[in-house]
Amino acid sequence: MPGTVFFSVTMSLDGFIAHRDGIDEAGVRRWTSQWMELQGWIFPQRYLRERLRLGEGGEEGRDNEIVRETFERIGASVMGRRMFDLGEPAWPDEAPFHTSVFVVTHETRDPWERPGGTTFHFVDDAEVAIDRARDAAGDRDVRIAGGGATILKYLNLGLVDEFTIALSPVLLGAGIRLFEGVDASRVAIEPIRAEPSSAVTHLTYAVRAR
Ligand SMILES: NC(=O)c1ccc[n+]([C@@H]2O[C@H](COP(=O)([O-])OP(=O)(O)OC[C@H]3O[C@@H](n4cnc5c(N)ncnc54)[C@H](OP(=O)(O)O)[C@@H]3O)[C@@H](O)[C@H]2O)c1
């Protein structure tokens, strides 16, 4: 049975998940400190720290379990080229996916195999990328890892089944809004669950065609 296609991101209370391209150096510095506030809940989690080789220890409460559940359901991922470009120099050698990752890009590049089971495949068609990710995932789920443009593309194609937002109590004021450009005449959502932790609120929705 095919798995679920989902995304899971952290969003500021005013709806942003990333900065826009082309901001100046001061803007990048400002964004980086805001990014740490936005994502401040996730980096102390023990499971993520182990996965990203950030060091031993960490928090072990419900947020940690949610991070674990999110990663353990993934059989393959799809991501946009800009997210890949940011991760490529930052991920440890043993990239933290341990599955196939399909990078949507108009650039041609050979697959990039990492120790530990991650192979990045570069695909120039969003629908082909998701078909290949579904095949690779088998009966596990496909995560659309991000970023904003890629998530929006798949939402508007009707290819997302479910998503979770970690709503972070931070105001960013500018950047890439998660739902800017969503085709609301075609995409409807139904709440599945809301789970507050001390740091963020985890909101899960099913996606339906209107
Ligand atoms: N808040 C969170 O939890 C979270 C999670 C993940 C990522 N992010 C952030 O999201 C940001 C990146 O998002 P983004 O919106 O700027 O970019 P993105 O979605 O990562 O990448 C966009 C790029 O993907 C390629 N692409 C997208 N759709 C395609 C298609 N249909 N066919 C072929 N290629 C396609 C294009 O690359 P080419 O130009 O090569 O063709 C496009 O320029 C980063 O700042 C990252 O940190 C945030």
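## Close-up views of a predicted model

**View 1. Here are the surroundings of the ligand.** Among the 24 residues around the ligand, Gly-80, Arg-82, His-106, Gly-146 and Gly-147 come nearest. Strand 1, strand 2 (16-18), helix 4 (81-87), strand 7 and helix 6 are the elements that each give two or more residues to this shell. Sorted by character, the shell holds 10 nonpolar, 8 polar and 6 charged residues. As you explore, keep in mind that this is a predicted model.

**View 2. Let's follow the open sheet from edge to edge.** The sheet has 9 strands, and their order is 5-6-4-3-7-1-8-11-10. Its pairing is mixed. Strand 5 (112-113) and strand 10 (187-196) are the edge strands, each pairing on one side only. As a reminder, strands of a sheet pair through backbone hydrogen bonds, either parallel or antiparallel.

**View 3. Strand 3 and strand 7 show us parallel pairing.** Strand 3 covers residues 74-80, strand 7 covers residues 141-146, and 5 bridges link the two. To find your place, look for Ile-74, which stands opposite Asp-141 in strand 7.

**View 4. Now we meet strand 11 and its antiparallel partners, strand 8 and strand 10.** Strand 8 (residues 162-168) is joined to strand 11 by 6 bridges. Here Ala-166 stands opposite His-202 of strand 11. Between strand 10 and strand 11 there are 9 bridges, and Pro-191 has Tyr-205 in strand 11 as its bridge partner. A hairpin of 4 residues connects strand 10 to strand 11.

**View 5. Helix 6 lies across several strands.** Which strands does helix 6 (residues 148-156) lie across? They are strand 1 (5-12), strand 3, strand 4 (100-104), strand 7, strand 10 and strand 11 (201-209). The helix runs at about 135° to strand 7. Is helix 6 mostly covered or uncovered? It is mostly covered, with 7 of its 9 residues buried. The buried residues are Gly-148, Thr-150, Ile-151, Leu-152, Lys-153, Tyr-154 and Leu-155. After the helix comes Gly-158, which has a positive phi, near 75°.

**View 6. Finally, we visit the largest nonpolar core.** This core contains 45 residues, and Val-78, Phe-102, Ala-133, Ile-144 and Val-160 touch the most other members. What does Val-78 touch, not counting residues up to four places away in sequence? Its contacts are Phe-102, Val-104, Ala-129, Ile-130, Ala-133, Val-142, Ile-144 and Ala-145.

Notes: Residues are numbered from 1 along each chain as its sequence is written. This is a predicted model: local features need pLDDT of at least 70, side-chain atom pairs count only at pLDDT 80 or more; totals for chains, interfaces and linings use all residues. Two strands pair if DSSP finds at least two bridges between them. Two residues are in contact if their C-beta atoms, placed from the backbone, lie within 7 Å. Axes are lines fitted to C-alpha atoms, for helices over the stretch in contact, and angles run from 0 to 180 degrees between N-to-C directions. A residue is near a molecule or strand if its C-beta atom, placed from the backbone, lies within 6 Å of it. Ala, Val, Leu, Ile, Met, Phe, Trp, Tyr, Cys and Pro count as nonpolar, Asp, Glu, Lys and Arg as charged, and the others, Gly among them, as polar. A residue is buried if 20 or more other C-beta atoms lie within 10 Å of its own, exposed if 12 or fewer, and partly exposed in between; C-beta atoms are placed from the backbone. A nonpolar core is a set of buried Ala, Val, Leu, Ile, Met, Phe, Trp, Tyr and Cys residues joined through C-beta atoms within 7 Å.
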